[in-house]
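Please open the model in your viewer and follow the selections below in order.

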Amino acid sequence: MTLLRRTLALTAFALLGLGYAGNVADAQAADPATYEIAANVNDAAIDTDRGAHLVWLAPADRRVGKLLLFMPSGGPTNRPPDWKEIGTEGSRLGYHTIVLAYKNEAPIAAAPPAGCGNSVEPPASPPNCAFDARMEILDGRGESTVVNVDRANSIENRLTKVLQHLAETFPADGWSAFLDTSGPEAAPKWSEIVAGGASLGGAQAVLIAQLHSVSRVAVFHGWTDAKHGWVALGATPSSKYFTLIHQRDNFFARTCFGYLALGLAPSCPLPGFTVVPPDPDNPLLVDNRQPPFGTRQLVFNLEPNPLGGPINDPYHSSTTRDGWIAREADGTPSQKLLNAWRSVLGDSDADQLLDERDNCPLVANSAQTDADGDGEGDACDRSPRGPAGQIADLMDHTLAALDRPALAPVFKVSLETALRTAIARNVHAACLALRIYELAVVVAPSNAFSTAEKQALIAESRQIRTDLGCA
Ligand SMILES: [Ca+2]
Ligand SMILES: [Ca+2]
Ligand SMILES: [Ca+2]
């Protein structure tokens, strides 16, 4: 008995220690990319002027078997090395992570004929300007008159080629799971991919999710053509969309219409964010809340990093771009911003364990201790020591209340049977032993327990039977 209890306690202690050892990543700087892969790998027709792809491979014990595709914002100088922090965070969460170099140098917002204009409303011509431009950036099939992306340089081909390279070069690392080879030409396996990005790239993720059923959509920053009429739900349901925007992003007001189309906002302007100037104490801001946030559309209002240098809209850039994101005094990304990133990426309680592998998805518990091993972490398990621990407690309470020590074996026999069978997961036998115990308490002489003690012990035993799922 005593030995059993000590074993339980030591196991819990050991798990606690292991868990804490795994929770030091928060204070580290960005991880260097695991691989930097030339954009023209496996295809000489891809031009390299958008830089190389950055790829992070999560440690084997953290991998969740999903790819995070992150597409940078639009602009001639916006290349993957400006998104190392979010790439790092994706990897730390367990995603195979690719920050993709793609044809983002002709932003949709450029004045026609280079783009579709910077207005809230779509340009008079060409019709469907933003949709066609985005389609061409995605698949390179000549849809647009304002951008010029051939098939080789499309997002689809660039992603496919880098995935093929990774799968061929590192066959043991799981990259082939993100390739669909069932058709005449290999393609990304979108069902296993989190489509994510910043601004132009965020809206490319929305387009991908319209066309394909993706694992999740992670849309960061506002985007210029959010009200150009093309944003709609398609293959991916609204429940898989998650977004983050800075309240002072110059696209904030118009992006609401994108959220509206995706079922992320009930109306526009975005309810709760209409006060001018923005109220820093607004309780809806993620800055003023603790995860889990419980909503799929997040707004923040942190000060951008002034060291990023002059840029048209530092608030816009500060949603994910390394030079402008809010940072702690030690230079690491703002914890409040990290909380929001993690929520958007699928870690609702921001403890760096994605919901799907978190034993308490809505309670921060990076240690993941689970003393009774039932798959529910101690932090959210109503009986964290499990039935065995509860029965051990009942034994203690019984012997402490008992005024006639000579009767102890009567109760010990049934409780030890209950304990032994509960540990063996023989629920039926444990339930029976507890009923026998309760009967023994009921018929015990009045000089053994007081009436109140009897009632308390029986109630405790019944609770254990409920937790065991006794019939
Ligand atoms: Ca989590
Ligand atoms: Ca948790
Ligand atoms: Ca548990």
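**A tour from the core outward**

Select Leu-69 to begin: leaving aside neighbours within four places in sequence, Leu-69 is in contact with Ile-98, Leu-100, Leu-159, Ile-193, Val-194, Ala-195 and Gly-196 (contact: C-beta atoms, placed from the backbone, within 7 Å). This is a predicted model, in which local features need pLDDT of at least 70 and side-chain atom pairs count only at pLDDT 80 or more, while totals for chains, interfaces and linings use all residues. Residues are numbered from 1 along each chain as its sequence is written, and chains are lettered from A and ligands numbered from 1 in the order in which they are written.

Next, add Leu-100 and Val-217, which with Leu-69 have the most contacts inside the largest nonpolar core, of 96 residues. Such a core is a set of buried Ala, Val, Leu, Ile, Met, Phe, Trp, Tyr and Cys residues joined through C-beta atoms within 7 Å; buried requires 20 or more other C-beta atoms within 10 Å of the residue's own. Another core, of 21 residues, lies apart from it and includes Ala-388, Leu-434, Ala-444 and Leu-468.

Now select strand S9, residues 241-246 (strands are DSSP E runs of at least two residues, helices H or I runs of at least four, numbered from the N terminus). Because 6 of its 6 residues are buried, S9 is largely enclosed by the rest of the structure. Tyr-241, Thr-243 and Ile-245 point one way, and Phe-242, Leu-244 and His-246 the other.

Show strand S8 (residues 216-220), which pairs with S9 in the parallel sense over 4 bridges (pairing needs at least two DSSP bridges). Here Val-217 stands opposite Tyr-241.

Finally, display strand S10 (residues 297-300), joined in parallel to S9 by 4 bridges, with His-246 opposite Phe-300.

Definitions and conventions. Buried ≥ 20, exposed ≤ 12 C-beta atoms within 10 Å, placed from the backbone. Contact = placed C-beta atoms within 7 Å.
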